[in-house]
Every structure is written in C-alpha cells, then in structure tokens.
Amino acid sequence: MTIREEYRYEKKDSKGAIVEGYAELTPDVYYEVLIQRVTQNLREYAQTMEDELYNKSEDESMYYYDENSKGKKIRLTYIDKLDEITKYKVNYPNLLRHSLITSIYSFTEERLLNACSRSGLLMNVMTLTDYREAVKRRTRRRDTGIFLAREYLRDCANIDITSFSDKWKRLNAFNKLRNCIVHERGNTNGYSYMDNPRSREGLQKAIDYLGNDIVNLEYGYLVLTDKASFEFLDTVDEFFKKFYETLVKQIKIKESN
C-alpha cells in the first residue's frame, strides 16, 4: 500500500540554477522531508539565539579594564551591570534551553506517533488507535507518547526502536528532563518527586547518563549547557534516520511475502 502525498523540493540543476517543484513523498525520503528539514530549522534557531545571548553578554559597555598586581590587563564588570550580565549569561540561556528541549521533544513525540500511523497504513496492520483501544481492553497499561509508539511498533510493525544502539536510551533520558521542566520548572525536588522514589530515581539516572556536558544541578534545579539542544537534535536525527531505514526494509520484506 502507498500513501499518496507530495512534497515541495528545491535543488540545483547541472548548471547550478535552483529548480523548484513537487515530487511524491515516499518512505525513502521520509527522513529528509519529515525530520531533517525541521531539525535543521530548530538547529539554526538554537544557534542564532545562543549567539545573540552570548554577544549581548559580551557587550563592552558593561566592562572596563584594569591591571592586576602583576601588571597584567584584566577585564572587570561595572557593578551596576551585574544583574544585566547575569540575565544574558545565566537566566535567559537557561530559559531558552528549557524551551528548546520541550519544543524538540514535542516535535519528536508528534513525528514518532505519525510514524506509527504511516507504518500501519504502509504495512496494512492494525492502526495505532485500534491498538491503543485493544491494549486498554486487555490490560491496565496506559502507555502514551513515545512509549505507546514503542509498544505499537514492536507488536504491529515488528520494529524494535529500543534496539537502535543508544539512541532510544538518550531519547528516554531527554524525556525525563522534559517532564521535570514541564511539570516542575526543572526543580528536581518538586512535588512530582516528593513521594515518588521511582520518578526521582529515573530522573537522576537520566541526568547521570547524559552527563555534565549536557545537564547539571544547581540548588536542585536542572541547568542545561549550551550543548544540550544540539545533542538532543543529533539524537532525534540519528533515531529517525535509523527508524525510517528499518521501516523501508520491513515494507520490502512484507511485500516480498
């Protein structure tokens, strides 16, 4: 079965001129069209905003120069500019990175559930909606989001996304950070974790797994580094590239049978 869709493309011809047009959206270009185009925009946005905040934090009007005891020239901060510098170096970057993590995660979850729907149509198997209802009738399990997608793809499309090296583990870890940011503003000691040792342990494992290059704790709050958003985007890119390669293989196997 095929899904009749088109996508808009731009490419250079043999003479270097830009050619625009429409082509059929097929599984072999799903990654490029449905994922890479969006992650590239997110990456450019993240870099633009990071650069803008850095440049503002380095505004020379907020600093002056003096010499230390060894006669070496050093840069000092005007006292009345400390709050402004803190905004650009600490507060705003943290707000930006929290926002980016939640945006990237929302995109990932939506695209993964969309991938489930596409897989169901292309492989002529149970739909995601029917699968979810069937699970509800059989068990008390209430998986949602990426975890519902994991179960559906395994049971219906014969694709185990948890086997994609460390990509699923990293996606799962970012899920824990996202939940803490959305529900507790990054407070790891917030209400959601007070009487829930399992959630607290899962969050701590995610923090340890991602490491200090990605996330740190300050007074119990998540502090993301300037690498966090880009690392998450890399994870999403690699995950979906592997997924769609696997989906194409599964479609060919089903068609050959």
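In this predicted model, Phe-243 touches residues from well outside its own stretch of chain. Setting aside neighbours within four places in sequence, its contacts are Ala-115, Ser-119, Leu-153, Ile-159, Ile-161 and Phe-164. Phe-243 also ranks with Leu-153, Ile-161, Leu-177 and Tyr-244 as the residues with the most contacts inside the largest nonpolar core, a set of 58 residues. Quite a few elements chip in here: helix H1 (30-57), H2, H3, H4, helix H5 (167-184), helix H7 (197-210), strand S6 (221-224) and helix H8 (228-256) each bring at least two residues to this core. H8 gives the largest share, with 10 residues. There is also a second, separate core of six residues, with Leu-53, Leu-96, Leu-100 and Phe-230 among its members. As background, nonpolar side chains in soluble globular proteins tend to be buried together.

Stepping back to the fold, the protein is built from eight helices and six strands. Read from the N terminus, the order is β-β-α-β-β-α-α-α-α-α-α-β-β-α. So how does the radius of gyration stand against that of a compact globule of 257 residues? The globule would come out near 18 Å, but the protein has 23 Å. Taken along the principal axes, the box filled by the C-alpha atoms is roughly 80 × 65 × 25 Å. Buried residues account for 40% of the 257. As for contacts between residues at least 6 apart in sequence, 61% of them link residues at least 24 apart. The exposed surface comes to about 15600 Å², with carbon and sulfur atoms supplying 47% of it. On the charge side, there are 42 positive and 42 negative side chains, and the centres of these two sets sit 5 Å apart.

Two residues give a feel for the buried side of things. Tyr-30 belongs to helix H1 and counts as buried because its relative accessibility is 0%, where the cut-off is under 20%. Leaving out neighbours within four places in sequence, Tyr-30 is in contact with Ile-3, Glu-5, Leu-25, Ile-35, Arg-118, Leu-122 and Tyr-244. The last of these, Tyr-244, is one of the residues with the most contacts inside the largest core. Thr-129 is another story: it is 99 residues from Tyr-30 along the chain, and the two C-alpha atoms are separated by 22 Å. Thr-108, for its part, is placed in helix H2 (residues 82-122). Thr-108 is buried too, at a relative accessible area of 1%. Beyond its neighbours within four places in sequence, Thr-108 is in contact with Leu-171, Phe-232, Val-236 and Phe-240.

The loops offer some exposed counterparts. Between H2 and H3 sits Asn-124, a residue other than glycine that nonetheless has a positive phi, near 55°. Asn-124 is exposed, since its relative accessible area is 65% and the threshold is over 50%. Much the same can be said of Asn-158, found in the loop between H4 and H5. Its phi is near 60°, again a positive value in a residue other than glycine, and with a relative accessible area of 59% Asn-158 is exposed. Thr-144 lies in the loop between helix H3 (128-138) and helix H4 (145-156). At 56% relative accessibility, Thr-144 counts as exposed. Thr-144 and Gln-250 are 106 residues apart along the chain, with 24 Å between their C-alpha atoms.

Is Val-125, in the loop between H2 and H3, buried, exposed or partly exposed? Val-125 is partly exposed, because its relative accessible area of 24% falls between the limits of 20% and 50%. Leaving aside neighbours within four places in sequence, Val-125 is in contact with Ser-119, Gly-120, Tyr-152, Cys-156 and Lys-254. Of these, Ser-119 is also in contact with Phe-243. The pairing with Cys-156 spans 31 residues along the chain, yet the C-alpha atoms of Val-125 and Cys-156 are separated by 6.4 Å.

Terms used. Residues are numbered from 1 along each chain as its sequence is written. This is a predicted model: local features need pLDDT of at least 70, side-chain atom pairs count only at pLDDT 80 or more; totals for chains, interfaces and linings use all residues. Side-chain values use heavy atoms; hydrogens and water are left out. Helices (H or I, at least four residues) and strands (E, at least two) are DSSP runs, numbered from the N terminus. The radius of gyration is taken over C-alpha atoms; the globule rule is 2.2 Å times the number of residues to the power 0.38. Buried means under 20% relative accessible area, exposed over 50%, partly exposed in between (1.4 Å probe, protein chains only). Contact means heavy atoms within 4.5 Å. Accessible areas come from the Shrake-Rupley method with a 1.4 Å probe; for residues, only the protein chains shown count as cover. Lys and Arg count as positive and Asp and Glu as negative; His and the chain ends are not counted. The place of a charge is taken as NZ of Lys, CZ of Arg, CG of Asp or CD of Glu. A nonpolar core is a set of buried Ala, Val, Leu, Ile, Met, Phe, Trp, Tyr and Cys residues joined through side-chain atoms within 4.5 Å.
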